[in-house]
Amino acid sequence: MNNFSDFKLSPVLKSNLSRAGFVKPTPVQSEAIPPALEGRDVIATAQTGTGKTLAFVVPILESLSSDKARLDAAIQASVYGAVRALILTPTRELAMQIHETFAKLQGSTGLQAVVVCGGMNETRQLRAIRGGASIVVATPGRLVDFLDRKLVKLSGVKTLVLDEADRMLDMGFLPTIKRILSEMSEARQTLFFSATMESSVKSLITTHLKNPVRVA
Ligand code: AMP
């Protein structure tokens, strides 16, 4: 695809992309966005700087905005909020950058993203989730703390992103990631990004992804 306008996206998202100055997709975006929009699992070997963030932000916003009415009903019915997309990333700095990309592109979709990380005010994070933020961008530690204290539910997550998966494993997050995965429905979509594909990364893929499309 040469241009974001060639993708099967809603007019709102196309207009938000163009307003944010994004015209031509990068290679990882061209290859990952179409299968992700079809609901497929995707594995991308991609470093920071390749545009990998937009490669998952765009399909998440598209799928949740088309499901907005159902989402609003679910939020009203639950004291845990209605988290529909979860992005796990190794550091607070990366979580903030991903959140900024959502903020730039979510305009007038009515969707909200929240950062769930240690070292930040947890009351504000919980209030945002209960108030209807359907997209959670989290580091594994704080999220598992919320799960252990039964403050958040992940059973409604439709799309999980594992961002910089190799780095999360290097940081010793494997048990935490497994615990988080165990709270989610197996029917979800998983988008997997890693700069390297060492054996620990491959084993996570084999166990948790379904017939994934591979993007280099
Ligand atoms: P990332 O690899 O996701 O961290 O993105 C690296 C940088 O590239 C960020 O500053 C993005 O805003 C920028 N970027 C991502 N996709 C595009 C695009 N399609 N056109 C222009 N800039 C982009």
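Analyst: Two strands pair if DSSP finds at least two bridges between them. The model discussed here is predicted. In it, strand S5 (residues 159-162) and strand S6 run parallel and are joined by four bridges. Four bridges meet the requirement of at least two, so S5 and S6 count as paired. One of the partnerships involves Leu162, whose bridge partner in S6 is Phe192.

User: What makes strand S1 a partner of S6?

Analyst: Strand S1 (residues 42-45) runs parallel to S6, and four bridges join them. The cut-off is at least two bridges, and therefore this is also a pair. Within it, Thr45 stands opposite Ser194 of S6.

User: Why is strand S6 described as largely enclosed by the rest of the structure?

Analyst: Strand S6 covers residues 189-194, and six of its six residues are buried, so the description applies. Buried means under 20% relative accessible area. Both faces are covered: Gln189, Leu191 and Phe193 are buried on one side, as are Thr190, Phe192 and Ser194 on the other.

User: Which residues of strand S4 point one way, and which the other way?

Analyst: In S4 (residues 135-138), Ile135 and Val137 point one way, while Val136 and Ala138 point the other way; all are buried.

User: What makes S2 and S3 partners of S4?

Analyst: Strand S2 (residues 85-88) pairs with S4 in the parallel sense over four bridges, and strand S3 (residues 113-116) pairs with S4 in the parallel sense, likewise over four bridges. At least two bridges are required, so each count satisfies the criterion. Ala138 of S4 is the bridge partner of Leu88, and Val116 stands opposite Ala138 as well.

User: Which elements make a β-α-β unit with S4, and is the unit right-handed or left-handed?

Analyst: The unit consists of S3, helix H6 (residues 122-130) and S4, and it is right-handed. The term applies because the path from the first strand over the helix to the second runs clockwise when the strands point away from the viewer.

User: Why is Val79 called exposed?

Analyst: Val79 has a relative accessible area of 63%. The class begins over 50%, and 63% passes that limit, so Val79 is exposed. Val79 lies in the loop between helix H4 (68-77) and S2. Its C-alpha is 8.8 Å from that of Val152, although the two residues are 73 apart in sequence.

User: Why do Ser108 and Asn211 count as exposed?

Analyst: Ser108 has 70% relative accessibility, and Asn211 has a relative accessible area of 60%. Both values are over 50%, so both residues are exposed. Ser108 is found in the loop between helix H5 (92-105) and S3, and its phi is near 60°, a positive value in a residue other than glycine. Asn211 occupies the loop between helix H10 (199-208) and strand S7 (213-215); its phi, near 40°, is also positive in a non-glycine residue.

User: What makes Gly49, Thr50 and Thr53 polar contacts of the ligand?

Analyst: A backbone N or O atom of Gly49 lies 2.7 Å from a ligand oxygen atom, a polar backbone atom of Thr50 lies 3.0 Å from one, and a polar side-chain atom of Thr53 lies 2.6 Å from one. The limit for a pair of N or O atoms is 3.5 Å, so each distance qualifies. The ligand taken alone exposes 490 Å², of which the protein buries 63%.

User: How many residues surround the ligand, and which helix gives the most to the shell?

Analyst: The ligand is surrounded by 13 residues, the closest being Lys24, Gln29, Gly49, Gly51 and Thr53. Helix H3 (residues 52-65) gives the most to the shell, with three residues. By class, the shell has four nonpolar, seven polar and two charged residues.

Definitions and conventions
Residues numbered from 1 in each chain as written. Predicted model: local features only at pLDDT ≥ 70, side-chain atom pairs only at ≥ 80, totals over all residues. Heavy atoms only, no water. Near = heavy atom within 4 Å. Polar contact = N/O pair within 3.5 Å; in protein donor to acceptor, adjacent residues only side chain to side chain. Areas by Shrake-Rupley, 256 points an atom, 1.4 Å probe, with all protein chains shown as cover. Nonpolar A, V, L, I, M, F, W, Y, C, P; charged D, E, K, R; others polar. Buried < 20%, exposed > 50% of the residue type's maximum accessible area, 1.4 Å probe, protein only.
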